Amino acid sequence: MKPTSIQLRMAQAVEEHLKPGFTAMVFTAGHHFSLTNAKVEGGVLGALILGVDTGGHLVEIDVTQILAVRLDSRAQGAFTP
C-alpha cells in the first residue's frame with residue numbers, strides 16, 4: 001500500500017524535528033514509539049521510518065501505519081506544534 005501525502009509529511013516532520021534533546025512520538029494502530037533519532041527511507045511507493053527509541057532499541061515503522069505524530073522537547077517536556 002502507498003503512504004498518503006499526509007503520512008509522508010508526518011514522517012518527514014519526525015526526521016527533521018529530531019535533534020539532540022528532542023523526541024518524537026509516532027502513533028500507529030497498535031503501538032506508539034518514542035524516538036530520539038530517525039531517518040525516512042523510501043518514497044511515494046513505500047517508506048519506512050528507521051529509528052532509535054528512548055530505550056536505545058532500533059525500530060522500523062511502516063509509514064502507511066502512521067496515524068499521528070507528536071513532536072516534543074525532552075529538556076522542557078513541552079509540546080511543539
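Two strands count as paired when DSSP finds at least two bridges between them, and with that rule in hand we can read the strand pairings in the structure above, which is a predicted model. Strand β2 and strand β3, the latter made of residues 46–53, are joined by 8 bridges and run antiparallel. Within this pairing, Glu41 has Leu48 of β3 standing opposite.

With one pairing in view, it helps to step back to the whole chain. The protein chain contains 1 helix and 6 strands, and reading from the N terminus, these elements follow the order α-β-β-β-β-β-β. The chain has 81 residues, of which 36% count as buried, and the surface that the chain exposes comes to about 5000 Å², with carbon and sulfur atoms supplying 58% of that area. If we take the contacts between residues at least 6 apart in sequence, 50% of them join residues at least 24 apart.

Strand β1 is a good place to continue, and a student may begin by asking which strands pair with it. One partner is β2: strand β1 covers residues 22–28, strand β2 covers residues 32–43, and 4 bridges join the two in an antiparallel arrangement. These two strands form a hairpin, with 3 residues between them. Two positions can be followed by eye in this pairing, since Met25 stands opposite Ser34 in β2, while the bridge partner of Ala24 in β2 is Leu35. Strand β1 also pairs with β5, again in the antiparallel sense, over 7 bridges, and here Val26 stands opposite Val69 in β5.

How does β1 sit with respect to the rest of the structure? Of its 7 residues, 5 are buried, so β1 is largely enclosed by the rest of the structure. Thr28 lies in strand β1, and Thr28 counts as buried because its relative accessible area is 13%, which is under the 20% cut-off. Leaving aside residues up to four places away in sequence, Thr28 touches Phe33, Ile61, Gln65, Ile66 and Leu67. On the side of β5, Leu71 has its place in that strand, and a relative accessible area of 12% makes Leu71 buried as well. The C-alpha atoms of Leu71 and Thr23 are separated by 6.3 Å, although these two residues are 48 residues apart along the chain. When you trace any of these strands in the viewer, keep in mind that in a regular strand the side chains alternate between the two faces of the sheet.

We can now turn to the nonpolar residues of the interior. The largest nonpolar core has 17 residues, and those with the most contacts inside it are Val14, Leu35, Ile49, Val63 and Ile66. Two or more residues of this core come from each of the elements α1 (5–17), β1, β2, β3, β4 (58–62) and β5 (66–73), and the largest share, 4 residues, comes from α1. Ile49 shows how such a residue can meet many parts of the chain: not counting residues up to four places away in sequence, Ile49 touches Ala11, Leu35, Ala38, Lys39, Val40, Val59, Glu60, Ile61, Val63 and Ile66.

Charged side chains make up the last part of the picture. Side chains of opposite charge can pair when their charged atoms come close. How many salt bridges does the model contain? The count comes to 2 salt bridges. In one of them, Lys39 pairs with Glu15, and their closest N and O atoms are 3.6 Å apart. This pair links distant parts of the chain, because Lys39 belongs to strand β2 and Glu15 to helix α1, with their positions 24 residues apart in the numbering. Lys39 is partly exposed, with a relative accessible area of 43%, and Glu15, at 26% relative accessibility, also counts as partly exposed. In the other salt bridge, the side chains of Arg70 and Asp72 meet at 3.0 Å, N to O. Here Arg70 counts as partly exposed at 38% relative accessibility, whereas Asp72, at 9%, counts as buried.

Definitions and conventions: Residues are numbered from 1 along each chain as its sequence is written. This is a predicted model: local features need pLDDT of at least 70, side-chain atom pairs count only at pLDDT 80 or more; totals for chains, interfaces and linings use all residues. Side-chain values use heavy atoms; hydrogens and water are left out. Buried means under 20% relative accessible area, exposed over 50%, partly exposed in between (1.4 Å probe, protein chains only). Contact means heavy atoms within 4.5 Å. Accessible areas come from the Shrake-Rupley method with a 1.4 Å probe; for residues, only the protein chains shown count as cover. A nonpolar core is a set of buried Ala, Val, Leu, Ile, Met, Phe, Trp, Tyr and Cys residues joined through side-chain atoms within 4.5 Å. A salt bridge is a side-chain nitrogen of Lys or Arg within 4 Å of a carboxyl oxygen of Asp or Glu.
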